[in-house]
Amino acid sequence: MVESAVEDSKVSDLSAQKSTGIRSVLITKEQIEAAIRDIAAELDAACAGETPLMVGVLTGAVTFMADLMRAMQSHVQIDFMAVSSYGDETRSSGVVRILKDLNQDIANRHVIVVEDIVDSGLTLQYLLDNLRRRDPARITVVALLRKDKADAIDVQVDRVGFEIPDEFVVGYGLDYAGRFRNLPYIGVLDEDVVQGP
Ligand code: IMP
């Protein structure tokens with residue numbers, strides 16, 4: 001029953017115009033919603049009585065963060081950082097730069113870093129090194145996706161929504177060349193989109 005609902009949703013999701021160029025649905029919107037409910041409950045339990053500062057990593061984590069914070073029962077505050085990582089390519093450049101910093105001090109705060117995807121781990125490593133120097137009380141890291149990659153850096157991630165194969169994925173905030181962020185699911189691109197003009 002659940003299986004067929006998931007199959008139906010995959011078919012209807014893929015029939016939308018914005019799905020042109022998507023080879024397959026890897027994670028449906030129902031699966032994302034269920035994972036977010038679980039993660040939110042765990043975060044609520046972990047921050048009983050406190051008001052954590054959720055730090056979203058722009059731009060890809062916006063969708064995840066918006067849904068995650070609304071699924072939580074605790075008071076939260078939010079802020080965002082932007083760091084350079086990919087440009088229009090599908091591989092990490094290894095060069096990480098802060099493009100937008102936090103608007104507030106995080107000393108003695110419980111910071112929840114919200115990431116869309118951990119690929120090589122370079123971006124998150126850089127971000128965490130930077131945040132730790134600001135003396136937060138503690139940092140919890142939540143990532144919606146983590147790629148199964150043998151050469152990834154061993155970086156702090158406390159909770160992952162989904163472990164995925166080492167493929168380039170889009171949707172639910174993740175883009176390819178600025179597109180596909182508004183898909184409600186996580187999908188895999190057609191080869192010809194990645195190799196196209
Ligand atoms: P990392 O530094 O290699 O871990 O890459 C992290 C960032 O690269 C993520 O926050 C994304 O913005 C981007 N990224 C990595 N893999 C993908 C992908 O499969 N699709 C879209 N963006 C990705």
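Where is the place of threonine 59? In this predicted model, threonine 59 lies in the loop between E2 and H3. The peptide bond that joins leucine 58 and threonine 59 is cis, with omega of about 0°.

**The six-stranded sheet**

Strand E2 belongs to an open sheet of 6 strands, whose order is E4-E3-E2-E5-E6-E7 and whose pairing is mixed. Strand E4 (98-100) and strand E7 (159-164) are the edge strands, each pairing on one side only. On average, neighbouring strands of this sheet are turned by 25° against each other, direction ignored. Helix H3 (residues 62-71) packs on the sheet and touches strand E2 (53-58), strand E3 (77-83), E5 and E6. The direction of H3 makes about 160° with that of E2. Helix H4 (residues 122-132) lies across E2, E3, E4, E5 and E6, and runs at about 170° to E5.

Within the sheet, strand E5 (residues 110-118) and strand E6 (residues 138-147) run parallel and are joined by 8 bridges. Valine 111 stands opposite isoleucine 139 in E6.

**The three-stranded sheet**

An open sheet of 3 strands has antiparallel pairing and the order E1-E9-E8. The edge strands here are strand E1 (22-27) and strand E8 (169-170), each of which pairs on one side only. E1 pairs with strand E9 (residues 186-189) in the antiparallel sense, over 4 bridges. Leucine 189 in E9 is the bridge partner of isoleucine 22. In general, the strands of a sheet pair through backbone hydrogen bonds, either parallel or antiparallel.

**Helix H2 and its packing**

Helix H2 (residues 29-46) has 18 residues. From its first C-alpha to its last, H2 reaches 25 Å, close to the 26 Å expected at 1.5 Å a residue. The buried residues of H2 are Ile32, Ala35, Ile36, Ile39, Ala40, Leu43 and Asp44. These buried residues pack against E1, H3, E5, E6, E7 and E9. The partners of H2 thus include E1 and E9, which pair with each other over 4 bridges, and also E5 and E6, which are joined by 8 bridges.

How are H2 and H3 placed relative to each other? They pack at an angle of about 55°, with their axes 8 Å apart. H2 and H3 are therefore oblique to each other, since angles from 65 to 115 degrees would count as roughly perpendicular and those under 35 degrees as roughly parallel. H2 passes H3 in a right-handed crossing. On the H2 side, the residues that meet H3 are Ile36, Ile39, Ala40, Leu43 and Asp44; on the H3 side, the residues are Phe64, Asp67, Leu68 and Ala71.

**Positive phi outside glycine**

Two loop residues have a positive phi although neither is a glycine.

| Residue | Phi | Loop | Relative accessibility |
|---|---|---|---|
| Aspartate 135 | about 55° | between H4 and E6 | 54% |
| Alanine 177 | about 50° | between E8 and E9 | 38% |

Which of the classes, buried, partly exposed or exposed, applies to aspartate 135? Aspartate 135 counts as exposed because its relative accessibility is 54%, and the class begins over 50%. Alanine 177, with a relative accessible area of 38%, is partly exposed. The loop of aspartate 135 follows H4 and leads to E6, whereas the loop of alanine 177 lies between E8 and E9.

Terms used. Residues are numbered from 1 along each chain as its sequence is written. This is a predicted model: local features need pLDDT of at least 70, side-chain atom pairs count only at pLDDT 80 or more; totals for chains, interfaces and linings use all residues. Side-chain values use heavy atoms; hydrogens and water are left out. Two strands pair if DSSP finds at least two bridges between them. Helices (H or I, at least four residues) and strands (E, at least two) are DSSP runs, numbered from the N terminus. Axes are lines fitted to C-alpha atoms, for helices over the stretch in contact, and angles run from 0 to 180 degrees between N-to-C directions. Contact means heavy atoms within 4.5 Å. Buried means under 20% relative accessible area, exposed over 50%, partly exposed in between (1.4 Å probe, protein chains only). The expected span of a helix is 1.5 Å times one less than its number of residues. Angles under 35 degrees count as roughly parallel, over 145 as roughly antiparallel, 65 to 115 as roughly perpendicular and the rest as oblique. A crossing is left-handed if the near helix is turned anticlockwise from the far one by less than a right angle, and right-handed if clockwise.
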